[in-house]
Amino acid sequence: MIRVLYQRFSSLLHELTKFGLIGIAAFVIDTGIYNALLVLDWGPMTSKVLATAISATFAYAGNRFWTFRHREQSGLRREYFLFFLLNGIALLFGVLVIGFTKYTLHLHDLFSLNVANIVGVGLGTLFRYWSYKRWVFLEATDPIPAELPDTEVRQER
């Protein structure tokens with residue numbers, strides 16, 4: 001039974017694993033830059049926007065060339081535009097949570113701003129995974145062969 005479930009969902013499991021690994025790396029980049037800019041007193045909103053722009057560039061490359069490489073490639077310009085448009089929408093989750101934390105709850109300490117960042121990234125990640133599959137990295141129209149075709153020429157006897 002477990003084998004049947006694995007075979008049925010192995011493609012999704014592999015895709016989610018790759019998406020997660022790219023996401024973890026992008027999260028580390030985002031959080032590192034966010035905190036560095038906070039320490040430099042750039043403000044939480046500006047810090048978040050800059051950190052997301054840099055980490056999203058990394059995430060695009062990782063997702064395009066590793067996570068979703070088996071999907072249709074519909075043009076770098078189209079994908080890149082949609083990817084960053086959708087990341088901009090996902091950024092709203094983070095900015096809203098950070099803004100609520102700072103301006104509504106009046107929590108200005110580094111710990112509170114980081115918790116807000118993590119919550120915003122979590123909400124944005126759910127939106128990004130769904131939207132990337134839906135609009136950016138489309139299903140392949142032709143199946144990708146698992147193996148290369150046999151190139152040997154057979155001689156008849």
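Which residue, with a positive phi, follows H1? Select Asp41: its phi is positive, near 65 degrees, and H1 comes before it. Keep in mind during the tour that this is a predicted model.

**Stop 1: helix H1**

Select residues 2-39, which make up helix H1. This helix has 38 residues, yet the C-alpha atoms at its ends are only 49 Å apart. A straight helix would reach 56 Å at 1.5 Å a residue. Now centre the view on Phe9, where H1 has a kink of about 65 degrees.

Next, colour the buried residues of H1, among them Ser10, Glu15, Phe19, Ile22 and Ala26. Further along the list are Asp30, Thr31, Tyr34, Asn35, Leu37 and Leu38. To see what covers these residues, show helix H2 (44-67), helix H3 (76-104) and helix H4 (110-136), which are included in the cover.

**Stop 2: the salt bridge**

Stay on H1 and select Asp30, then add Lys48. The structure holds one salt bridge, and the side chains of Lys48 and Asp30 form it, at 2.9 Å from N to O. Lys48 lies in helix H2 and Asp30 in helix H1, so the pair ties together parts that are 18 residues apart in sequence.

Are these two side chains buried or exposed? Lys48 is buried, because its relative accessible area is 3%, under the 20% cut-off. Asp30 also counts as buried, at 4% relative accessibility.

**Stop 3: the aromatic cluster**

Turn to the rings. The structure holds seven aromatic pairs. Select Tyr60 and Tyr80: this pair is edge-to-face, with 5.3 Å centre to centre and 90 degrees between the planes. Tyr60 is in helix H2 and Tyr80 in helix H3, 20 residues apart, so the pair links distant parts of the chain. Compare the exposure of the two: Tyr60 counts as buried at 4% relative accessibility, whereas Tyr80 is partly exposed, with a relative accessible area of 39%.

Keep Tyr60 selected and add Phe83. The ring centres of Tyr60 and Phe83 are 5.0 Å apart and the planes stand at 75 degrees, so this pair is edge-to-face. The pair links distant parts of the chain, with Tyr60 in helix H2 and Phe83 in helix H3, 23 residues apart. Phe83 counts as buried, at 0% relative accessibility.

Which residues make up the aromatic cluster? Add Phe84 to the selection, and the cluster is on screen: Tyr60, Tyr80, Phe83 and Phe84.

**Stop 4: helix H3 and its end**

Select H3 as a whole. It has 29 residues and reaches 40 Å from its first C-alpha to its last. That is close to the 42 Å expected at 1.5 Å a residue. Just after H3, select His106, which takes a positive phi of about 55 degrees.

**Stop 5: Ser131**

Move to helix H4 and select Ser131, which has its place there. Ser131 is buried, with a relative accessible area of 0%. What lies 3.2 Å from a polar atom of its side chain? Show the backbone oxygen of Arg128, which is the partner at that distance. Finally, add Leu86 and Val136: Ser131 touches both, not counting residues up to four places away in sequence.

Methods
Residues are numbered from 1 along each chain as its sequence is written. This is a predicted model: local features need pLDDT of at least 70, side-chain atom pairs count only at pLDDT 80 or more; totals for chains, interfaces and linings use all residues. Side-chain values use heavy atoms; hydrogens and water are left out. Helices (H or I, at least four residues) and strands (E, at least two) are DSSP runs, numbered from the N terminus. The expected span of a helix is 1.5 Å times one less than its number of residues. The bend at a residue is the angle between axes fitted to the seven residues ending there and the seven starting there. Buried means under 20% relative accessible area, exposed over 50%, partly exposed in between (1.4 Å probe, protein chains only). Contact means heavy atoms within 4.5 Å. A polar contact is a pair of N or O atoms within 3.5 Å; within protein, one must be able to donate a hydrogen and the other to accept it, and residues adjacent in sequence count only if both atoms are side-chain atoms. Rings of Phe, Tyr and Trp (its six-membered ring) pair if their centres lie within 6.5 Å; planes under 30 degrees apart count as stacked, over 60 as edge-to-face and the rest as tilted. A salt bridge is a side-chain nitrogen of Lys or Arg within 4 Å of a carboxyl oxygen of Asp or Glu.
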